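Please read the following walk through the structure alongside the coordinates, taking the strands, the salt bridges and the backbone in turn.

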Amino acid sequence: MNADQVGAEAMSHDPQSILCYQRPDEEVVVDQGGTSSVMNIHYEKEELEGHRTLFVGVRMPRQSHRHHKAHGSRHRRRDKRAGSIAAQQSDKSEATSCHDTPSQRVQFILGTEEDAEHVSHELFTELDEICVKEGKDAEWKETARWLKFEEDVEDGGERWSKPYVATLSLHSLFELRSCIINGSVLLDMHADSIEEIADMVLDHQEASHELDDSVRVRVREALLKRHHHQNEKKKNLIPMVRSITEGARKPSEPHMIGSATSLQPPPPTEPAKNGAGADSSQVDLSKVDLHFMKKIPEGAEASNVLVGVLDFLERPIVAFVRLSPAVLLTGLTEVPIPTRFLFILLGPDGKEQQYHEIGRSMATIMTDEIFHNVAYKAKDRSDLLAGIDEFLDQVTVLPPGEWDPSIRIEPPKSVPSQEKRKMPGVPNGTVVQVEEPQHAEHHGPELQRTGRLFGGLVLDIKRKAPFYLSDFKDGLSLQCVASFLFLYCACMSPVITFGGLLGEATEGRISAIESLLGASMTGVAYSLFAGQPLTILGSTGPVLVFEKILYKFCKDYDLSYLSLRACIGLWTALLCLLLVATDASSLVCYITRFTEEAFAALICLIFIYEALEKLFHLGELYPYNLNSDLDKLTLTHCRCAEPNDPSNKTLDLWSERNITASAVPWVNLTVKECISLQGHFVGTACGHHGPYTPDVLFWSVILFFSTFFLSAFLKQFKTSRYFPTKVRSMISDFAVFLTIVLMVLLDFVIGVPSQKLKVPSKFQPTRDDRGWLVNPIGRNPWWTLLAAAIPALLCTILIFMDQQITAVIINRKEHKLLKGCGYHLDLLMVGVMLAVCSIMGLPWFVAATVLSISHVNSLKLESESSAPGEQPRFLGIREQRLTGLVIFLLMGCSVFMTGALQFIPMPVLYGVFLYMGASSLKGIQFFDRLKLFGMPAKHQPDFIYLRHVPLRKVHLFTVTQLSCLILLWVIKTSPAAIVFPMMVLAL
């Protein structure tokens with residue numbers, strides 16, 4: 001006779017013996033189930049060998065063939081069993097060893113060595129119920145499911161409820177414990193169909209109870225009835241949006257389904273049973289909810305809980321079954337994944353709600369991380385009881401009179417780790433304190449001094465080289481398309497604005513076209529070869545101040561500005577190379593979070609301030625009348641007139657153009673013509689610079705704030721309740737770009753002449769008296785070549801601090817970067833491109849903090865296979881080089897895209913600046929602490945530092961940081977802005 005060895009340990013009803021934990025070492029323990037009647041039943045040795053028993057602790061070869069005895073032969077020896085069981089229990093008592101607490105027993109179980117058959121997998125749990133009364137035909141109906149949180153089938157709506165935290169009654173948990181004690185526990189059973197599982201369970205029940213043949217047949221019929229799942233009620237009326245998103249799913253997802261449906265092919269010699277035969281891997285995916293299937297992790301297994309009422313039963317039938325290996329049982333589970341566990345509870349009429357709650361309790365503890373692992377590793381009944389007892393030790397009881405049990409608790413945003421429950425304990429039950437590693441924000445291997453010339457640079461290259469090809473492959477994503485479209489628009493405006501300001505300060509020697517070319521060249525080179533390509537380069541305020549001071553100095557002493565600037569740039573590049581050679585970037589490890597936050601907060605505030613300042617500046621360009629009389633609007637006018645007392649500058653202009661004032665038709669001139677001839681505007685509808693244009697100003701204000709609020713709204717759309725997940729994610733990724741497109745279209749339709757982005761249309765230097773290459777000496781004295789080293793030292797400090805503080809913020813451990821960073825390589829590329837830009841007479845570019853933070857935020861990766869109700873987990877950043885490369889390539893080609901870019905209103909770009917500055921503040925702890933000043937203690941968030949640091953010390957630290965921030969702001973906005981890097985260094 002071929003039979004698998006099935007077993008469970010006989011449990012006595014003494015509580016001490018139940019809690020006692022057993023580990024048989026050499027002797028094999030056979031258990032027939034600890035029911036009240038089994039103690040008086042005698043088993044003969046041949047029947048024990050012929051029955052499906054399990055030798056706990058011994059790996060037995062499995063047989064694919066199964067032979068079941070005829071029903072009559074099972075009832076001939078039920079009066080000869082007590083002696084064998086007594087012998088088994090005497091052997092068991094000698095091998096029993098007790099542990100102090102359930103936690104220690106569980107920790108002991110989890111600490112055992114794993115084999116291939118007992119490796120834990122993610123579990124999907126389904127609760128099916130049946131009710132057979134008065135001979136009426138019935139079927140199993142799915143009533144609830146668990147992936148992480150509970151979802152119920154709504155009674156009337158025929159739909160799934162929102163996921164919620166399961167709340168269980170303590171009574172149902174104790175009843176579940178009794179079921180495990182008194183029911184059948186069948187571990188590591190080998191079965192290929194639900195029929196075989198039903199026969200195993202009923203065989204074990206027959207060995208333990210008086211089960212008539214007729215009752216057995218009817219129970220078997222009930223177990224084999226069809227399972228009706230909730231998704232079968234859904235008609236084929238899938239919204240078009242969902243079908244589109246399903247078609248756009250990643251290639252890996254169909255493979256997940258395919259692997260899940262064919263994990264356990266049945267043996268070829270076994271006949272097909274219950275649809276689990278040779279073609280069981282061919283699952284009809286048309287009946288599968290593919291949207292829900294995506295949420296199930298790859299390699300997950302099923303746990304089926306079957307509870308119900310059979311009116312012909314006199315006593316409950318309880319069984320806990322663990323299959324080995326897991327088997328795909330077609331039709332049993334709503335998703336085609338293999339089944340590992342089954343819990344069966346069938347009982348007499350009148351206790352439907354009680355059985356339902358026990359089933360919920362079983363399903364809920366199967367989703368518990370600790371019990372779930374115990375269930376995989378359990379070797380006998382006492383292991384399962386230890387897992388339940390440990391779960392009971394951890395539960396929180398809510399008083400019945402202080403809360404409403406009908407309220408469904410929303411899933412939390414984050415679930416605390418359960419690792420403490422796995423830690424080894426001490427005799428008194430307390431957890432051993434494990435020393436936490438010290439938080440070293442930037443003390444990685446990339447910041448360690450090598451003691452060799454260019455040693456840090458060599459290590460950076462070796463660290464980044466293996467990932468170079470993947471940096472381009474990883475950029476082939478729709479998320480990267482959204483990122484570079486957003487940042488292209490965000491980078492264009494400041495580059496052009498910076499070029500315009502520089503052109504005003506240098507009388508056109510360096511202007512917008514030079515700024516575009518310099519940004520494009522530097523950005524492309526940096527994206528291709530830098531150590532941290534997530535950093536976005538841009539212009540900075542201190543550099544502009546430096547350029548203004550240098551130009552004024554050259555003008556006062558009659559020196560060539562571009563030549564002296566080229567000398568300073570070459571010296572700065574040489575000093576940066578010296579810093580790279582001596583591993584000076586390792587000093588970054590001394591930049592504390594205090595300095596980081598002060599610097600990042602200042603840059604964010606500057607973005608917000610400058611966005612609002614530019615909006616107010618539009619009020620000067622497009623003035624409005626504060627003293628208008630609505631009743632006299634018909635009498636208002638504004639005309640151009642000849643100036644009464646023209647200045648010498650005006651007279652010179654007229655003489656150059658051969659203009660006679662009396663011959664000019666001043667009344668008929670347009671606004672531009674009047675301004676070009678320096679005429680005066682007269683009339684009640686005139687301002688200082690021309691006619692009042694309130695519609696343009698207020699339309700600009702609408703565009704500005706609409707861009708800001710719509711960008712913020714669409715960015716948060718991922719967490720909304722509308723549309724499928726893929727659509728929400730796509731809208732969130734393209735939030736800023738969609739906002740810009742909508743605002744441009746709206747501005748075009750409305751037709752108000754708002755200020756537009758002006759891009760140079762010709763690729764040539766702004767001034768005709770300069771070329772694309774600059775002589776470092778030119779007409780300057782030779783000694784300026786050496787004297788340039790002094791301002792170059794200050795410029796080097798400025799470049800180093802701007803670049804490295806931004807790099808430190810980007811390389812924070814919170815971003816979970818996997819490909820490493822390269823501080824030395826970054827500084828080398830900045831220095832090399834600084835030399836190139838100096839020779840070509842182009843602006844200098846360095847890491848831009850807010851743009852870099854926005855770049856990183858736009859590339860955040862979150863888990864896609866999240867359980868219903870579970871918040872997606874932050875996985876890290878999509879580290880690649882393509883977004884930066886495409887951004888700066890497009891920037892260089894912008895000269896040829898003037899026709900399209902001229903439709904972008906400047907207030908829209910100002911609104912994007914405001915959004916970037918405000919959104920970058922979210923990750924700065926300083927602002928979280930600043931908000932605590934206005935919060936009563938009971939309303940303050942549960943920050944970890946508030947648990948360990950007194951509030952007054954937190955406030956003192958915040959005030960100190962705020963004082964430093966104000967000092968930096970004053971220096972930044974004063975003529976002394978050139979020493980700004982020195983002050984940051986002092987922090």
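What follows is an explanation of selected features of this predicted model.

A convenient place to begin is strand β8, which spans residues 339-347 and is mostly covered, with 9 of its 9 residues buried. Strand β6 (residues 301-310) pairs with β8 in the parallel sense over 8 bridges, and within β8 it is Gly-347 that stands opposite Val-309. Strand β7 and β8, by contrast, run antiparallel and are joined by 7 bridges, with Leu-346 in β8 serving as the bridge partner of Ile-317. Strand β7 itself covers residues 317-327 and contains Pro-325, and the peptide bond that joins Ser-324 to this proline is cis, with omega about 0 degrees.

From the strands one can turn to the charged side chains, for which a search of the whole structure finds 20 salt bridges. In one of them, the side chains of Arg-145 and Glu-334 meet at 3.0 Å, N to O; this pair links distant parts of the chain, since Arg-145 lies in strand β2 (residues 140-146) and Glu-334 in the loop between β7 and β8, 189 residues apart. Arg-145 has a relative accessible area of 4% and is therefore buried, and Glu-334, at 4% relative accessibility, likewise counts as buried.

Another salt bridge is formed by Glu-150 and Arg-360, whose closest N and O atoms are 2.8 Å apart. Here Glu-150 belongs to strand β3 (residues 150-152) and Arg-360 to helix α11 (residues 352-366), so that the pair links parts of the chain 210 residues apart. Glu-150 is buried with a relative accessible area of 0%, while Arg-360 counts as buried at 6%.

Between two helices, the side chains of Arg-216 and Asp-199 meet in a salt bridge at 3.9 Å, N to O, with Arg-216 in helix α7 (residues 213-223) and Asp-199 in helix α6 (residues 194-208). Arg-216 counts as buried at 3% relative accessibility, as does Asp-199 at 11%, and both residues take part in a network of salt bridges that also links Asp-203 and Arg-220.

The backbone deserves a last look, because most residues other than glycine have a negative phi. Phe-454, in the loop between α13 (381-394) and α14 (455-464), has a positive phi near 60 degrees, and its relative accessible area of 27% makes it partly exposed. Asn-658 also has a positive phi, of about 60 degrees, and is placed in the loop between α21 (648-657) and α22 (671-676), where Asn-658 is exposed with a relative accessible area of 70%.

Technical notes: Residues numbered from 1 in each chain as written. Predicted model: local features only at pLDDT ≥ 70, side-chain atom pairs only at ≥ 80, totals over all residues. Heavy atoms only, no water. Helix = DSSP H or I, 4+ residues; strand = E, 2+ residues; numbered from the N terminus. Buried < 20%, exposed > 50% of the residue type's maximum accessible area, 1.4 Å probe, protein only. Pairing = 2+ DSSP bridges. Salt bridge = Lys/Arg side-chain N within 4 Å of Asp/Glu carboxyl O.
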